[in-house]
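Okay, thanks for coming, everyone. I've got one structure to walk through today, so let me put it up and we'll go straight in.

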Amino acid sequence: MRNSLKKLRGGLGLIRHGDARDRRERRLQRSVAQLDDLARASQDMADMVDCYDSLFSSAAATTNSAYGI
């Protein structure tokens with residue numbers, strides 16, 4: 001009888017409440033980590049845009065000064 005119950009529990013994959021809670025917490029942690037990565041990538045993109053803007057600005061200033069000579 002005991003073996004039958006073990007087979008039933010293991011074979012059907014009954015979910016214990018603790019397991020579901022653990023999975024939910026792991027999923028939440030993954031989501032938070034993904035949001036952190038997304039925020040970091042967004043900040044990196046904004047920094048790159050600022051860098052390119054200053055690069056284009058200095059290139060335009062150099063071009064204007066070359067025509068002024």
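Let's start at Asp37, which is partly exposed, with a relative accessible area of 45%. Before I go on: this is a predicted model, so please keep that in mind throughout.

So what does the side chain of Asp37 meet in a salt bridge? That's Arg40, with an N to O distance of 3.2 Å. Why is the pairing easy to place along the chain? Arg40 and Asp37 sit 3 residues apart in helix α2, so about one helical turn separates them. And how many salt bridges does a search of the whole structure find? Just 1.

Okay, zooming out for a second. The secondary structure comes to 2 helices and 0 strands. Helix α2 covers residues 17-68. Now, the protein has 69 residues, and how much of that is buried? Buried residues make up 0%. About 6,600 Å² is exposed, with carbon and sulfur atoms supplying 58% of it.

Now the surface patches, and I've got three to show you.

The positive one first. Arg21, Arg23, Arg24, Arg26, Arg27 and Arg30 gather there in a patch of positive charge. Arg27, for one, has its place in helix α2.

Then the negative one: Asp44, Asp47, Asp50 and Asp53 come together in a surface patch of negative charge. Take Asp47 as the example. Asp47 is in helix α2 as well, and its relative accessible area is 40%, so Asp47 counts as partly exposed.

Last, the nonpolar patch. Which residues form it? Met45, Met48, Tyr52, Leu55 and Phe56, and together they have about 560 Å² of accessible area on the surface. Met45 is another residue in helix α2.

So, to recap: a salt bridge between Arg40 and Asp37, a positive patch that includes Arg27, a negative patch that includes Asp47, and a nonpolar patch that includes Met45. That's me done, happy to rotate the view for anyone.

Conventions. Residues are numbered from 1 along each chain as its sequence is written. This is a predicted model: local features need pLDDT of at least 70, side-chain atom pairs count only at pLDDT 80 or more; totals for chains, interfaces and linings use all residues. Side-chain values use heavy atoms; hydrogens and water are left out. Patches are made of residues with over 30% relative accessible area and no salt bridge: like charges are joined within 9 Å, nonpolar side chains (Val, Leu, Ile, Met, Phe, Trp, Tyr) within 5 Å. Accessible areas come from the Shrake-Rupley method with a 1.4 Å probe; for residues, only the protein chains shown count as cover. A salt bridge is a side-chain nitrogen of Lys or Arg within 4 Å of a carboxyl oxygen of Asp or Glu. Lys and Arg count as positive and Asp and Glu as negative; His and the chain ends are not counted. The place of a charge is taken as NZ of Lys, CZ of Arg, CG of Asp or CD of Glu. Helices (H or I, at least four residues) and strands (E, at least two) are DSSP runs, numbered from the N terminus. Buried means under 20% relative accessible area, exposed over 50%, partly exposed in between (1.4 Å probe, protein chains only).
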